[in-house]
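Student: I would like to work through this model slowly, one local feature at a time, with the cut-offs stated as we go. Could we have the structure in view before the questions begin?

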Amino acid sequence: MFPSRTPQTKGKSSQFFSPAGREGSPFPLSRPAGGSRQKSMHSSLVILEEIPSHVVENFGTPLPVLVTEALTIQDRISEMSVKLSESGWAWLVCGRRLFIWRFVQTSGPRHLSSQCRELTLPPSDLAHKADLVSVFLTSDASTPSAIAVSPEGHIRYWPNIAHEGSSVEITADLQGQECFSLTDCQPLGCILATTTSTLVMVSTAAVNGQISINCRQLKVPQGVLTGIGWRMTSFIFGSMPNQSAESKLIKVVVVNTDDKNKKILYVLTGSNLQKWFLSNHDSDKLLFEFDVDRMVKENFIDIMWNRDIYHVNQIQSWLIDMQLTEGGVCLAAAATNSHVSSQLCYSFATLDLGGSDAPTTFSKFVISKLIQRYHESDEELNFLSYQFLLSSRNKGTAYMYLDKIVYCISTVSPNEEPDKVEFRSAADRILGAGTFDGRVLTSSSIREDDSPNSSTISFRFSRQDQEIGKEDKVVQFKDAFLLHCKRNLVESQAVLDSLFPSSSADAEFLLNMLVANVSKDIIDDYPASDPRWAEAVPFDSMSSTSSLIILRQLEDKQRAHLVFIAFLKESGLWNKFSTTTIEQDVLIPTRLLLREHAEKIVASLALRNLHLQHDSLIEQAIKIVLQKRNINVKGKLTHQDLFYREVSKVQDIVPALIECEDDSQADITGQDVKRIMAVNTIFQAVFQDAWEYQHQKVTIYQIPPGEPDTEYIPWMASTGNGGIRNLLIKQFEKTTNIIAQGVEDVQTQGLLYQQLVNLADIVLNGYCVQLESVGNTGDGEHYGLVLQQVIVVEAEEYDRTAVLAEKYCDFGILIQLCELTNNQERLQRYMNQFADKNFSEYVFKWYLKEGKRGKLLTQPVTQHVELENFLKQHRNLSWLHNIKIRKYTDAQETLQELALNEKDNLAKKKTLLSLSKLTTLVSDQDKKLKDIKIAALNREQELILHQENLPSVVVENFGYDSDNMKVMTPKELIELYICDGNANSNEYDFKKALDLLQFIDKNLSSAGIEALKVQIWCAAILKDRWYDLDMNKPLDSCEQTIFFKIVDLILFEGLDLNSFIAPLDDILNADELGDLRDSQEFRFFIQAGYEKLKKQSYND
């Protein structure tokens, strides 16, 4: 927290600092002449500041690289905060990034204390803070769990911080309240408090491998006798404000009891203090609540101001913070009396809260010598933001701090002036505080001169002869790098200018080649300080580490690679990269190659951290790797030394680990299952850490816009028989087979299911990056094969599969999951969640494809607009939706259009016409328009009636199915009515044919219609034998022919004969009559008949 003004030492120091009292410090100090700061008796501690009664020194293990990098690279505008727990865990919140690590070394596995985990916080429009995160160890776990809450109440829980993908989340129903703090209350859960003092117990549960989060608001029981204690307190001291939406929360603290399942909870609001009893077995109990603010005012006026002159109501007081003490709490408060002066006084008040009744007095009330000037405008920005801590090692001192200052205030000697430590640098500020082992610890932002630049890493060139390799471009480039690290910028630039004198294609190729080679040399460098490597170190090797410990060597390589990236950017080379050729003549953007090198360091660190946990398995795999590389262990070096030195080949461990599994017997044993699970765990840790790093560094290594698209297959998704992708799929299949053979243990089965999902996630991540490299973000269908396998195997593990499907937007899988589980609520949530990706339209198409039209048309009101737009392309269904939403006019128009366009099924057209008529009647159209539309629909129905009345003999002769007949045109119907196949046709059939002329398309010319009319009359003429008629009675004979029966029928129906009958000349000249046209008998009879008709018409 407290930076040294003139520190003598630099390097990997912790950013946690402890202000220790001189007499109470466990580390004796020897202060040299001149007052310079020095190391204490313990070499890990560095004295950073000395003030009259206290010493400020660093504390704990060095900061992890991820945290250091976040503190230095993170945009300075972003809000950051830190929380330090008494269990030795620390966490940093930086935007939506959450870093968790141990700040003290333990006797447990090394990897737990040295490894930092980065998690992603829930989305929020407000700034996250460390106070809304809780990290805790469950009784049977070696790796902690974590719960994080966004200010809006989105809760995310990680059962194991090593596996970010295993998180679950819910949203607490807080009615719009903003979250204030999350207080550990294990094993009961965590207490989530809002700014308006609502308290919610957040607990987790695991049933059959399924993790769930439960939220329960703490409420006062409403029984007759409940709350007597606090009601009696109210009776004695006057009415007290109850917990309400307007109660501003100050602090929540939890007290452990002898029974771990029972807790005491103290809640400090703007004026009240509450004491709660919480238990797993009993209901929540509010033991008492009392007005502590009034007690503060009473004590201030008694000590500071004359009660005889001033009234308590003239005092302005504020409760600032609360900390636990033995048997109670200590409150920090401030007060001012504007009638006396503008001075603001601070006090520390101790309350004994061990009883079941509210206290009536403070056991101790001390007003400190810390006095500030009070300005009403500064109220919210300054003194109300103070917080304080108490130390069990120095019980008489309270440490009160803001972001730029710490006061060490005596709580036993009111007249003692407080010690003060100030931050003078603009970059320095306190990020958080806590206590550990009785010490008060604080965490500061990292200072600019402590960022991971060249001064924090010591490079050594092991070349013996400086003249060797002057012509070697790689050596010259390394020279430029080293000169830059020493801040000899002019000389470094001169070397670069000589290497790249122009911007030609040759210079570009050389630059990319040199950068790739030097980057690989850095991650594969030799630990030159290790005497065992003395004979193996090349003459031009750079060494970035002086450590003999493999883990430290890898961390130093990571820092060195960061420095190399900084050199490339600061020297102006970064924006000149193009592509580099790697194995098998594959082109890869140079920036992405550099990122891959950094990812491999992360993967190596993850693997190394798992060594203790899976020592024999990893050791066996390493021996296989070295054997395939034809590397023999020589001297005192170990297999691990040789393997971890070549970070660029860390991926070789993957096939080796799978080969270790292949040693298993045909019959799977419990030991084989454990081995496969161990390999899965290693793969998850290694590749998840590497993928997380890649996602975090996307913007840093991003290819500039305008660069040509080059397909990029990450090293973690390499293809081919020996590629990582195929090997992981092979491991996926092995795990699948294990489950298929039956695993009786439910817990083991749940772990295998989760490992399946994690392996699938790793594989799909590779597909995703590959597709994005060629500008195809995909819609998730590319990943369907793997996800489908997960669903098939995990018969009822739908939630795990849904996590992957959501992440990779495989909408088909998400819909199937909702259908399999009959969860329409989840489906609606997806429609909202993926609204910008047209998820609704995908659902609608899926329902159509699967023939589930009923579900398509029963969408909730919120989807009606999207559904209406979608159905515009599916007119055969849109009218149903229009009827549902009462758009009858749209439904009528659609139905009419569908009916007119229907050609395949007569019954369907008839139904559509009927429905169209019904919707017309109930629509809100104008009556005149309705009448016009109904007339048009009636006309269409009349045409259908003509088809339905076709003689059955005609239907049978032409092979039509009367129940499934196609829609015929009027011309086709005419031909059927008058055809020879209608052997029994009579005047009625021909009259129907004539009636059908009115339905002929208007586009047909009048000549065409007349030709059809002639054709009908000629067909009627040919039905009779005109040669057999009696010439002596021509008129009587004509009346017996079909021709003149049709005429009589027309006249009988009162119709205009001229509109139906064809002209005589057209009849006599019609080709359809054939030889009959030339018959004198026929001409005689037909002309006689026409003459009679003409005379009859004249008489009428």
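**Contacts, strands and charges**

Student: Which residues does N337 touch, not counting residues up to four places away in sequence?
Tutor: This is a predicted model, so local features need pLDDT of at least 70 and side-chain atom pairs count only at pLDDT 80 or more, whereas totals for chains, interfaces and linings use all residues. Residues are numbered from 1 along each chain as its sequence is written, and side-chain values use heavy atoms, with hydrogens and water left out. Contact means heavy atoms within 4.5 Å. Once residues up to four places away in sequence are set aside, the residues touched by N337 are W305, Y310, Q314 and I315.

Student: Is N337, in the loop between strand 21 and strand 22, buried or exposed?
Tutor: Strands are DSSP runs of E with at least two residues, helices are runs of H or I with at least four, and both are numbered from the N terminus. The loop that holds N337 joins strand 21 (328–336) to strand 22 (343–352). Buried means under 20% relative accessible area, exposed over 50%, and partly exposed in between, using a 1.4 Å probe and protein chains only. With a relative accessible area of 0%, N337 is therefore buried.

Student: How many residues lie between strand 12 and strand 13 in their hairpin?
Tutor: Two strands pair if DSSP finds at least two bridges between them; strand 12 and strand 13 (residues 189–194) do this in the antiparallel sense over six bridges. One of the bridges involves C185, whose partner in strand 13 is G189. The number of residues between the two strands of the hairpin is three.

Student: Why is strand 12 (residues 179–185) described as largely enclosed by the rest of the structure?
Tutor: The description rests on how many of the seven residues of strand 12 are buried. In general, side chains in a regular strand alternate between the two faces of the sheet. Strand 12 is largely enclosed because its buried residues number five of the seven.

Student: Which strands are the edge strands of the open sheet ordered 8-9-10-11?
Tutor: The pairing in this sheet of four strands is antiparallel, and strand 9 (residues 145–149) pairs with strand 10 (residues 154–158) over four bridges, where A148 has R156 as its bridge partner. The strands that pair on one side only are strand 8 (133–136) and strand 11 (168–171).

Student: By what angle, on average, are neighbouring strands turned in the open sheet ordered 24-25-26-27?
Tutor: This antiparallel sheet also has four strands, with strand 24 (387–390) and strand 27 (419–422) at its edges. Strand 26 (residues 405–410) pairs with strand 27 over four bridges, and C408 stands opposite D419. Axes are lines fitted to C-alpha atoms, for helices over the stretch in contact, and angles run from 0 to 180 degrees between N-to-C directions. With direction ignored, the average turn between neighbouring strands of this sheet is 20°.

Student: How many residues apart in sequence are the parts that E661 and K734 tie together?
Tutor: A salt bridge is a side-chain nitrogen of Lys or Arg within 4 Å of a carboxyl oxygen of Asp or Glu, and the side chains of E661 and K734 meet in one at 3.2 Å, N to O. E661 counts as buried at 4% relative accessibility, and K734 also counts as buried, at 17%. E661 lies in helix 12 (residues 653–662) and K734 in helix 14 (residues 724–740), so the separation in sequence of the parts tied together is 73 residues.

Student: In the salt bridge between K520 and D524, is D524 buried or exposed?
Tutor: The closest N and O atoms of K520 and D524 are 3.2 Å apart. K520 counts as partly exposed at 36% relative accessibility. D524, at 5% relative accessibility, counts as buried.

Student: What separates K845 and E841 within helix 20 (residues 839–849)?
Tutor: K845 and E841 form a salt bridge, with the closest N and O atoms 3.5 Å apart. K845 is partly exposed at 49% relative accessible area, and E841 is partly exposed at 34%. The two residues are four residues apart in the helix, so their separation is about one helical turn.
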